[in-house]
Amino acid sequence: MTAHTTDVAVVGGGPAGAAAALAAARGGAHVMLFEARRDIDKPCGEGLLAGGVEALEELGVAVAGHPFRELCYVLRGGGELRLPLDPPGLAVARPELSGALTRGLSRAGVTVRARAVRVERAQDAFLLRDGKESRRARTVIACDGAHGRTAAWLGRSHGRTRRHGIRARMRALQPFAGVEVHLGGAYELYLTPLSKTLVNVAVLGHGRPRSGALAEALRAHPRAAEKLGEIVTPPRAQALSSTRPSRSSAGGAFLAGDACGAVDPILGCGVTIALRSGRFAGASALRYLAGENPARIERDYRRFLARELRLRRALAAALAGMAPHPGLLAPLAAIGRRAPGLLAPLVSIATGVNGRRPFVHAPTGSR
Ligand SMILES: Cc1cc2nc3c(=O)[nH]c(=O)nc-3n(C[C@H](O)[C@H](O)[C@H](O)COP(=O)(O)OP(=O)(O)OC[C@H]3O[C@@H](n4cnc5c(N)ncnc54)[C@H](O)[C@@H]3O)c2cc1C
């Protein structure tokens, strides 16, 4: 086995891994990124909130997408809440996002290896093994997603998988003003317009994924179904992990993105968190390589993640708990109508930026 040395090894080439690798490479480090899969498509709602759009800009990654300026919560049985987004979000299909990030990695000189790796601690470094070769790295950023295993040596606590997500792309039969979220019953349905004719449909539900769940979810939300034509990309399901690591960094190793413990996708901010935490982890690895005090770097990283995750987790858990019961959400819609400004902080928690415009509420059943 040959042992090569790199400054920063990144495990996982999703949004978190790409952002981490870009941030570290732009700061002058030699970076290697390992990605297990060749198929870069992944179940996702494909709506990127403003904080994520901003992170992409800061990383110098240009991505073509379809801007959305509104989130509309449609309650089963009547009623809806429209939340204008200013700055807007961006609907972008995962293959497009991956392509843009991959081009950025190549421009930044990151070496990308299409393999799954296992990470072990060596005395003063890390060993990355892929079965054939082993490489040494001075720092490691684990971005291997919600079901990744790299975090194990940081002390992973096990949560239970109680929810699942399904994604399909479908024809749009009519134009969408923005992202629509249909709530009520066993499923939540996210409709993200990728273009005038194509919509990403993401279904979130409780329990493990079942075959036929997409059709079931569309039957349960006829106001969504009437806007959708044939399936363009067949449904793909994923169990949602609620596993959270007990530590996010130690001795030159950092976790970023879903590997830190995914926030329920009901809030639509997973990619935003992935890009932002990846970027912060890349910058933290640079500080480690520069010889800064490791305890200070870890404290800063811990605080950063707490700011990114704490309120979003609480908000996502509350929303996921209320989603099956539209009656519980109706008062929230009423608050939005009477005192729209009161909901502004909730939207900024999800988007990661302070909205500049107040919210407007459409009267119950106005659609
Ligand atoms: C149904 C659904 C809808 C969603 N909707 C939205 C939405 O609308 N907006 C939003 O912002 N977020 C959404 N999310 C969440 C979002 O998809 C995730 O938060 C985001 O993909 C996390 O990025 P990541 O880079 O941390 O992990 P991932 O995107 O999961 O990437 C991890 C990568 O690591 C690789 N990997 C794993 N182990 C190894 C290994 N040992 N070696 C090498 N590579 C490895 C995997 O192959 C994978 O490519 C949704 C999620 C689901 C399931």
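1. In this predicted model, I141 is in contact with V8, V10, A20, F254, A256, A281, G282 and A285, once its neighbours within four places in sequence are left aside. I141 also belongs to the largest nonpolar core, which has 108 residues, and together with A20 and A21 it touches the most other members of that core. As a general background to such a grouping, nonpolar side chains tend to be buried together in soluble globular proteins.

2. The ligand is surrounded by 40 residues, of which G14, G45, G165, G257 and G270 come nearest. Sorted by class, this shell around the ligand holds 19 nonpolar, 14 polar and 7 charged residues.

3. As for the elements that build the shell, at least two residues each are supplied by helix 1 (15-26), strand 3 (47-48), strand 11 (163-172), strand 15 (228-240) and helix 6 (270-289). Helix 6 gives the most to the shell around the ligand, namely 4 residues.

4. Turning to the sheet, 8 strands form an open arrangement in the order 3-5-4-12-13-14-11-15, and the pairing is mixed. Strand 3 and strand 15 each have a single partner strand and stand at the edges, so one side of each is left without a neighbour in the sheet. Both of these edge strands are also among the elements that supply at least two residues of the shell around the ligand.

5. At the strand 3 edge, strand 3 pairs with strand 5 in the antiparallel sense over 2 bridges, and L48 stands opposite L90 in strand 5. Helix 2 (residues 50-58) packs on the sheet here, touching strand 3 and strand 5, and the direction of helix 2 makes about 5° with that of strand 5.

6. Strand 5 (residues 80-91) is paired in turn with strand 4 (residues 66-75), in the antiparallel sense and over 8 bridges, with V74 standing opposite E80 in strand 5. The two strands form a hairpin with 4 residues between them, and in the turn G77 has a positive phi of about 95°.

7. Strand 4 also pairs with strand 12 (residues 179-183), here in the parallel sense and over 5 bridges, and Y73 stands opposite V181 in strand 12. Strand 4 is therefore a convenient place to see the mixed pairing of the sheet, since the partner is antiparallel in the case of strand 5 and parallel in the case of strand 12. When side chains along these strands are inspected, it may help to recall that in a regular strand they alternate between the two faces of the sheet.

Definitions and conventions: Residues numbered from 1 in each chain as written. Predicted model: local features only at pLDDT ≥ 70, side-chain atom pairs only at ≥ 80, totals over all residues. Pairing = 2+ DSSP bridges. Near = placed C-beta within 6 Å. Nonpolar A, V, L, I, M, F, W, Y, C, P; charged D, E, K, R; others polar. Core = buried A, V, L, I, M, F, W, Y, C linked by C-beta atoms within 7 Å. Buried ≥ 20, exposed ≤ 12 C-beta atoms within 10 Å, placed from the backbone. Contact = placed C-beta atoms within 7 Å. Axes fitted to C-alpha atoms, helices over the stretch in contact; angles between N-to-C directions.
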